Amino acid sequence: MPAKHTSYTELKRPIGRTTLGKLLLAGAIAGLVATVFMYLAREVSEGETARIDDRILLAINHRATTTLDTIVVWATELGGVIAVSTISLLLIALYAFKKQWRSAAMIALSIGGAGVLNFGLKLLFERSRPELWTHLVTESSYSFPSGHAMLSSALALALVSIFWGTKYRVAVAIVAALYIAMIGFTRLYLGVHYPSDIIAGWCASFAWVIIVTGIAHTFFTNRREHVDNTTKN
């Protein structure tokens, strides 16, 4: 016997209202963070952050050591395109194998979107990298916002969102925060980014992942509810 069609009013939580509520919340949070990014971008464009950016970088460099040089050069790669892409693809494959499509989609959209967004923003602002001392690594792209900061935080924040409803959320959040901070610090230590580049990267990434999270949770939750209600009827 064919399954009975489930009407809009028969659902426990109307799809339209649920979708709108989640998207509005995600949009409000993303908008707030995006506002911080735009303010910072304006300050950078007007040169207002130059003095404090340089002072922070020089203070960090003053404490540099040969041992730290070796550690930081290795550690910074954990937030680079190759490392983040590899980890993301492995996670996507794992979640797809376990048929956890929402988690797989969140990782893919968070990392992919952050990468595209970073590329566009760099071309838009065209900020040159710091040249306060000889760099230990070679970077050829623009400085604002930091790609390492955006990619690493997109990955970390996506995982925090995925694990938020589980008993592991505190542990994942702590590890994510340490990872994000470590990558940000390595870019400053190496002198290839200004502090404002890092903060802007975090803001842009956070805003994007919030949007992805809102859309993913809404889409998959409503899809599951629709399937469940259709099956019951």
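In the predicted model, a salt bridge joins Glu139 and Arg187, with the closest N and O atoms 2.7 Å apart. This pair links distant parts of the chain, since Glu139 lies in the loop between H5 and H6 and Arg187 in helix H7, 48 residues apart. The two partners have unlike surroundings: Glu139 is partly exposed at 30% relative accessibility, whereas Arg187 is buried, with a relative accessible area of 1%.

The structure holds four salt bridges. Another of them is formed by Arg127 and Asp53, whose closest N and O atoms are 3.1 Å apart. Here too, distant parts of the chain are linked: Arg127 is in the loop between H5 and H6, and Asp53 is in helix H2 (residues 50-61), 74 residues apart. Both Arg127 and Asp53 are buried. Through salt bridges that share partners, Asp53, Arg127 and Asp197 are joined into one network.

A salt bridge is also found between Glu43 and Arg42, where the closest N and O atoms are 3.8 Å apart; this value counts because the cut-off for a salt bridge is 4 Å. Glu43 is buried, with a relative accessible area of 17%, which falls under the 20% limit for that class. Arg42 counts as partly exposed, at 44% relative accessibility.

The nonpolar interior was examined next. The largest nonpolar core has 37 residues, and those with the most contacts inside it are Phe37, Ile107, Ile111 and Leu155. At least two residues of this core are supplied by each of helix H1 (15-45), helix H4 (81-97), helix H5 (101-125), helix H6 (147-163), helix H7 (169-189) and H8. The largest share, eight residues, comes from H6. With residues up to four places away in sequence not counted, Phe37 touches Leu121, Phe125, Phe144, Pro145, Ala200, Cys203 and Ala204. Another core, of 12 residues, lies apart from the largest one; among its members are Leu57, Ala149, Leu188 and Tyr194.

On the surface, Leu23, Ile211 and Ile215 make a nonpolar patch of about 230 Å². Ile211 is placed in helix H8 (residues 195-232). Ile211 is partly exposed, with a relative accessible area of 33%, and so passes the threshold of over 30% that patch residues must meet.

Conventions. Residues numbered from 1 in each chain as written. Predicted model: local features only at pLDDT ≥ 70, side-chain atom pairs only at ≥ 80, totals over all residues. Heavy atoms only, no water. Patch = residues over 30% accessible without salt bridge, like charges linked within 9 Å, V, L, I, M, F, W, Y side chains within 5 Å. Areas by Shrake-Rupley, 256 points an atom, 1.4 Å probe, with all protein chains shown as cover. Salt bridge = Lys/Arg side-chain N within 4 Å of Asp/Glu carboxyl O. Helix = DSSP H or I, 4+ residues; strand = E, 2+ residues; numbered from the N terminus. Buried < 20%, exposed > 50% of the residue type's maximum accessible area, 1.4 Å probe, protein only. Core = buried A, V, L, I, M, F, W, Y, C linked by side-chain atoms within 4.5 Å. Contact = heavy atoms within 4.5 Å.
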